[in-house]
2 protein chains.
Amino acid sequence: MRNLTYGKKLSHKKGSKSQQSEVMYPSENETQLWVSINLLQQKIYRTVDSDLKKNGLPPLRWYDVLWDLERQGEKGRRAFELEKTLLFEQSNLSRLLRKMIDEGLVEELIVSEDRRSKTLKVTMKGIKLRKEMWRTYGPHIHGFMGHMEDEAKLEKTAATLMALLAQN
Amino acid sequence: MRNLTYGKKLSHKKGSKSQQSEVMYPSENETQLWVSINLLQQKIYRTVDSDLKKNGLPPLRWYDVLWDLERQGEKGRRAFELEKTLLFEQSNLSRLLRKMIDEGLVEELIVSEDRRSKTLKVTMKGIKLRKEMWRTYGPHIHGFMGHMEDEAKLEKTAATLMALLAQN
DNA sequence: CTCATATAGATGCGTTTACATCTAATTTGC
DNA sequence: GCAAATTAGATGTAAACGCATCTATATGAG
């Protein structure tokens, strides 16, 4: 496709299982994997995000929050949990939640025994909005991923990336 | 691992090769693949970017520009080419290049026969900086990707994602 | 040739981001 | 039980971002 060596100093001696660990440079395949993840994500994320905007809907990040809260159901979530599972910057999430609460998409309940925080739950309005967002979001995902030949390969690839996520 | 159905309406009838094309919702595996790409990218990108900053180095995006220009060598690049291959927003790239030119990392030459644009080349200083950035960037990539068992799987996964990129 | 359209890049502007810091509540060590 | 350290979340700030618009050049149709 293209030469993407990405910086020289390929320190992988093929065949050696050296778990040298400290200050190792990536192999060409490792780099290629990272580059493709990076480009694919940017392409998809921006496409979806700007299409949402074009349709008068809120940014993609809102979807993640709404969907996570929807899956938690009645027990809800704390902000710091959302932060960790959705990889939010604390301050960004704080401000985002404020906006979503102001718009009635999310409600905060003082039910908690920890008076520093509140429990967050999605409202009916929030669920409705998430579904509406999905109508433009969903097809884009399929549009980008739907070119993969067989379902098995698709599943394997997803599993591989999930494993990488879990290990770090 | 976790239920990540991500919005209901799974329109994939397994086994049918229906190329219905319009307004299709993603299968569960397609969604899972997207979710993992999204999370992995965010995690890695932010880790590297903030580590660069901690080491007094410029943001990750600078690396991409420097590396691309370095690979083009003497023939250089036009801004709009960089924009397409590195997925930059036009205005962001424009301002980024201005900064890099001001810092002497990139030079613009009027050699071109098109007086609207200039040809961009990396300078020696730019090459030096890129190499320095690689010393903190490279090990992170290996740190995230180096958990993959066999090289073959790694290569296949990268190829799969590259193919997805090319198809969109 | 000339006017309309397209392309390359710059710039104004409002929003979002990351980072540092702050307040308040909770947990821990002694 | 109390001071020190930790944790949850809010907020100020500068930089980066996406979008719309602008200038200048190039291309294309008649």
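**View 1. Side chains of chain A at the bases of DNA strand C in the predicted model.** A polar side-chain atom of A:S91 is placed 2.7 Å from a base nitrogen of DNA strand C. The side chain of A:R95 also addresses a base, with an N or O atom 3.1 Å from a base nitrogen of this strand.

**View 2. B:S94 at the backbone of DNA strand C.** Here a phosphate oxygen of the strand lies 2.4 Å from a polar side-chain atom of B:S94. Among the atoms of DNA strand C within 4 Å of the protein, sugar or phosphate accounts for 57%, and bases account for the rest.

**View 3. The protein surface near DNA strand C.** The strand is surrounded by 21 residues, of which A:N92, B:Q90, B:S94, B:R95 and B:R116 are the closest. Twelve residues of this surface are charged, seven are polar and two are nonpolar. At least two residues each come from α4 (90–102) of chain A and, in chain B, from α1 (28–54), α3 (79–86) and α4 (90–102). The most is given by α4(B), which supplies five residues.

**View 4. The surroundings of B:R61 in helix α2 (residues 60–72) of chain B.** B:R61 has a relative accessible area of 12% and is therefore buried, the cut-off being under 20%. Its side chain reaches the backbone oxygen of B:L87 at 3.4 Å. Beyond neighbours within four places in sequence, B:R61 is in contact with A:Q42 and A:R46 of chain A, and with B:Y45, B:L86, B:L87, B:F88 and B:L96 of chain B.

Key:
Residues are numbered from 1 along each chain as its sequence is written. Chains are lettered from A and ligands numbered from 1 in the order in which they are written. This is a predicted model: local features need pLDDT of at least 70, side-chain atom pairs count only at pLDDT 80 or more; totals for chains, interfaces and linings use all residues. Side-chain values use heavy atoms; hydrogens and water are left out. A residue is near a molecule or strand if one of its heavy atoms lies within 4 Å of it. A polar contact is a pair of N or O atoms within 3.5 Å; within protein, one must be able to donate a hydrogen and the other to accept it, and residues adjacent in sequence count only if both atoms are side-chain atoms. Helices (H or I, at least four residues) and strands (E, at least two) are DSSP runs, numbered from the N terminus. Ala, Val, Leu, Ile, Met, Phe, Trp, Tyr, Cys and Pro count as nonpolar, Asp, Glu, Lys and Arg as charged, and the others, Gly among them, as polar. Buried means under 20% relative accessible area, exposed over 50%, partly exposed in between (1.4 Å probe, protein chains only). Contact means heavy atoms within 4.5 Å.
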